[in-house]
Amino acid sequence: MNFKVGDKVVVIAGSSKGKEGKITKVLRKENKVIVEGCNIIKKHKKPTQNETGGILEIEAPIHASNVMIIDPKTKKRTRIGHTIDKNNKKIRITKKSNEKID
């Protein structure tokens with residue numbers, strides 16, 4: 001998977017299609033990501049001694065194939081490529097504008 005925490009992505013499929021946000025968590029084994037403000041579900045939680053119960057709205061994981069990274073230069077969605085820089089280090093680049101992704 002080519003995504004990292006902090007990447008700005010857009011959802012391309014599902015109920016949150018078209019929404020943009022940053023990745024808050026990457027679940028590598030499941031090939032899923034959690035994007036802030038996207039794929040909101042309601043979770044019913046029982047009260048405990050320390051916390052009150054109720055209906056919580058949380059962000060559910062989205063499959064990595066349903067999100068695309070946003071190109072920092074063109075502000076459009078793009079795919080991720082890899083290349084080798086001058087220091088023989090593998091870096092991520094955007095396919096549309098060949099910009100380096102932090």
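Let me begin with lysine 45, which is partly exposed, with a relative accessible area of 35%. Before I go further, please keep in mind that what we are looking at is a predicted model, and that everything I say this morning should be heard with that in view.

Lysine 45 has a partner, because its side chain and that of glutamate 51 meet in a salt bridge, with 3.5 Å from N to O, and a salt bridge here asks for a distance within 4 Å. Glutamate 51, for its part, also counts as partly exposed, at 44% relative accessibility. For those of you who are new to this, the general idea is that side chains of opposite charge can pair when their charged atoms come close.

How many salt bridges does the count come to by this rule? The count comes to three, and having met one of them, let us turn to the others.

In the next, the side chains of lysine 42 and glutamate 57 meet, with an N to O distance of 2.9 Å. This pair links distant parts of the chain, since lysine 42 belongs to strand β4, residues 40-45, while glutamate 57 belongs to strand β5, residues 54-59, and the two residues are 15 apart. Are these two residues buried or exposed? Lysine 42 is exposed, and glutamate 57 is exposed as well.

Now compare that with the salt bridge between arginine 92 and aspartate 7, whose side chains meet at 2.9 Å, N to O. Arginine 92 lies in strand β10 and aspartate 7 in the segment before β1, so this pair ties together parts of the chain that are 85 residues apart in sequence. Here both arginine 92 and aspartate 7 are buried; for aspartate 7 we can say why, because its relative accessibility is 4%, and buried means under 20%.

Staying with buried residues for a moment, I would like you to find threonine 78, which lies in strand β8, residues 77-78. Threonine 78 counts as buried, at 4% relative accessibility, and its side chain reaches the backbone nitrogen of lysine 95 at 3.5 Å.

Let us move out to the surface, where two patches deserve a look. Which residues make the nonpolar surface patch of about 220 Å²? That patch is made by Ile41, Leu56 and Ile58. Of these residues, isoleucine 58 is found in strand β5, and at 34% relative accessibility isoleucine 58 counts as partly exposed.

The other patch is a positive one, formed by Lys4, Arg28, Lys89 and Lys100. If you follow the chain to lysine 100, you will find this residue in the segment after β10, the strand that covers residues 90-94. Lysine 100 is exposed, because its relative accessible area is 52% and exposed means over 50%.

I will finish with a residue in a loop, asparagine 87, which lies between β9, residues 80-84, and β10. Asparagine 87 counts as exposed, at 66% relative accessibility. If you would like to practise reading distances in the viewer, take the C-alpha atoms of asparagine 87 and aspartate 71, which are 16 residues apart along the chain and are separated by 24 Å.

Methods: Residues are numbered from 1 along each chain as its sequence is written. This is a predicted model: local features need pLDDT of at least 70, side-chain atom pairs count only at pLDDT 80 or more; totals for chains, interfaces and linings use all residues. Side-chain values use heavy atoms; hydrogens and water are left out. Patches are made of residues with over 30% relative accessible area and no salt bridge: like charges are joined within 9 Å, nonpolar side chains (Val, Leu, Ile, Met, Phe, Trp, Tyr) within 5 Å. Accessible areas come from the Shrake-Rupley method with a 1.4 Å probe; for residues, only the protein chains shown count as cover. Lys and Arg count as positive and Asp and Glu as negative; His and the chain ends are not counted. The place of a charge is taken as NZ of Lys, CZ of Arg, CG of Asp or CD of Glu. Helices (H or I, at least four residues) and strands (E, at least two) are DSSP runs, numbered from the N terminus. Buried means under 20% relative accessible area, exposed over 50%, partly exposed in between (1.4 Å probe, protein chains only). A polar contact is a pair of N or O atoms within 3.5 Å; within protein, one must be able to donate a hydrogen and the other to accept it, and residues adjacent in sequence count only if both atoms are side-chain atoms.
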